[in-house]
Amino acid sequence: MTTNTLTERYVREVVRRIPADQRDEVADELRATIADTVDARDGADREAAEHDVILEMGDPIRLAASYADRPLALIGPVFYPTYIRLLRMLLSIVLPIVVVVTVAVDIIENNDVGSAIGTGIGATVTVAAQMFGWLTAVFACIERWQPKGGNAQDPWTPDRLPDVKGTDKQAKGAVSSLVWYGFLIALIVWQHFAQPVILGGNRLEVINPALWSTWVMWTILAGLAALMVIEMIRLAARRWTLSLAIAASVAEGLFAVPLIWVLYEREFFNPEFLAQVTVFDEFYLITAIGVAVIGVVEVVNRFRLLSRGE
Amino acid sequence: MSSEELIAGQAQELRRGTVVLACLALLDEPQYGYALLETLNTADIAVDGNTLYPLLRRLEKQGLLDSEWNTDESRPRKFYRISPAGTRVRAELTREWQDLVASMARLTKETP
């Protein structure tokens with residue numbers, strides 16, 4: 001049965017692209033249909049007729065998509081607006097932030113303008129390509145595996161229209177928060193790896209390195225990273241939402257509670273650093289209270305902005 | 001784009017969707033794919049095989065058509081005929097079509 005005729009090659013190219021349980025039947029039907037059509041042509045040159053008939057049936061990918069009721073577009077009209085909106089947000093907001101943070105870390109580490117420019121260009125190209133690639137891959141998957149006849153998950157409403165002016169009164173505040181959290185992360189990571197303090201001929205890190213081997217430092221960093229992500233989403237949404245404000249409160253807690261605890265326990269500084277430098281006892285209590293107060297103020301402030309619709 | 005191409009494109013848009021009703025109308029008697037294509041083309045319903053054959057399968061999946069393999073002849077063929085559900089859908093679609101024709105007749109008469 002599986003001879004190497006044009007029809008057989010064509011049928012195989014079509015049916016291997018449709019669900020397995022339908023292959024045999026569609027194959028039989030296609031074979032019969034092609035043969036019927038060839039029979040109806042002038043019988044002088046059967047091979048030429050077969051060639052013409054298959055040419056008219058067209059691209060096997062297209063025919064298979066038609067049989068399988070599958071889209072012929074990577075991202076169809078249902079998801080295209082959401083895709084474009086997300087892509088624009090990623091490239092216009094998240095990408096610049098990532099690049100700025102990367103360049104800042106490079107400057108702190110290498111203190112070299114040339115290296116920083118190179119890193120900036122490299123980060124822009126790599127991160128943009130990653131964002132584009134992954135977003136497209138995810139949407140292509142959604143397009144293929146969404147329930148048939150289902151509506152878009154994210155329907156457009158008039159509420160989504162951006163205001164004509166004064167769109168985001170707190171945008172500057174959000175960006176400066178973002179830069180601040182990025183700076184804190186960079187500072188913590190940098191002082192750990194670069195060991196910038198030179199005391200008694202030794203390079204030292206300031207914060208207790210033992211914290212890196214417990215959950216404490218990782219929780220603090222996770223809290224800061226989460227705060228950055230939340231600020232980015234807040235920038236895209238142009239205002240605080242209840243779930244964002246709650247998420248930010250949790251992230252603030254992740255960051256502040258372990259920090260307050262290590263300050264209170266006087267575990268914050270590197271013991272080798274303390275051997276050379278005197279830190280007054282009052283410093284710990286005052287700093288711990290300061291971190292707590294700032295954390296509470298931040299949390300309250302977000303809910304205040306939320307109630308004002310900013 | 002020339003006006004001929006424009007007209008051809010718009011005419012194709014108009015015809016799209018009528019193929020389903022035409023199939024339902026013709027399939028009181030069971031027919032196989034190629035024969036149905038010939039009948040449609042003879043009746044001036046222009047449709048290509050690569051549109052019609054997947055369409056028949058889709059209508060069958062939707063329960064509007066029943067099918068049966070006929071192995072009496074040397075070449076086994078799949079015969080389609082309209083199902084009871086398809087008959088009800090055909091009645092509705094026929095009414096829609098007649099309303100559409102009436103509306104269009106009124107509209108095109110008003111334009112000189």
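A crossing of two helices is called left-handed if the near helix is turned anticlockwise from the far one by less than a right angle, and right-handed if it is turned clockwise. In this predicted model, the crossing of α5(A) and α7(A) is right-handed. Two packed helices are described by the angle between their axes and the distance between the axes. For helix α5 (residues 80–110) of chain A and α7(A), the axes come within 10 Å and cross at roughly 35 degrees.

The residues that meet at this crossing can be named. From α5(A) come A:I97, A:V101, A:A104, A:V105, A:I108 and A:E109, and they meet A:L178, A:G182, A:A186, A:W190 and A:A194 of α7(A). By class, nine residues of this contact are nonpolar, one is polar and one is charged.

Helix α7 (171–194) of chain A also contributes to the largest nonpolar core, as do α8 (215–237) and α9 (242–264) of chain A, each with at least two residues. This core has 22 residues, and those with the most contacts inside it are A:I220, A:L224, A:L227, A:A251, A:F255, A:L259 and A:V262. Leaving aside neighbours within four places in sequence, A:I220 is in contact with A:F255, A:P258 and A:L259. A second, separate core has 15 residues, among them B:L52, B:Y53, B:L59 and B:I82.

The two chains also touch each other: 14 residues of chain A are in contact with twelve of chain B. On the chain B side, α3 (33–42), α4 (49–61) and β3 (77–82) each supply at least two residues. The largest share, six residues, comes from α4(B). This side of chain B comprises five charged, four nonpolar and three polar residues.

How values were computed
Residues numbered from 1 in each chain as written. Chains lettered and ligands numbered in written order. Predicted model: local features only at pLDDT ≥ 70, side-chain atom pairs only at ≥ 80, totals over all residues. Contact = placed C-beta atoms within 7 Å. Helix = DSSP H or I, 4+ residues; strand = E, 2+ residues; numbered from the N terminus. Nonpolar A, V, L, I, M, F, W, Y, C, P; charged D, E, K, R; others polar. Core = buried A, V, L, I, M, F, W, Y, C linked by C-beta atoms within 7 Å. Buried ≥ 20, exposed ≤ 12 C-beta atoms within 10 Å, placed from the backbone. Axes fitted to C-alpha atoms, helices over the stretch in contact; angles between N-to-C directions.
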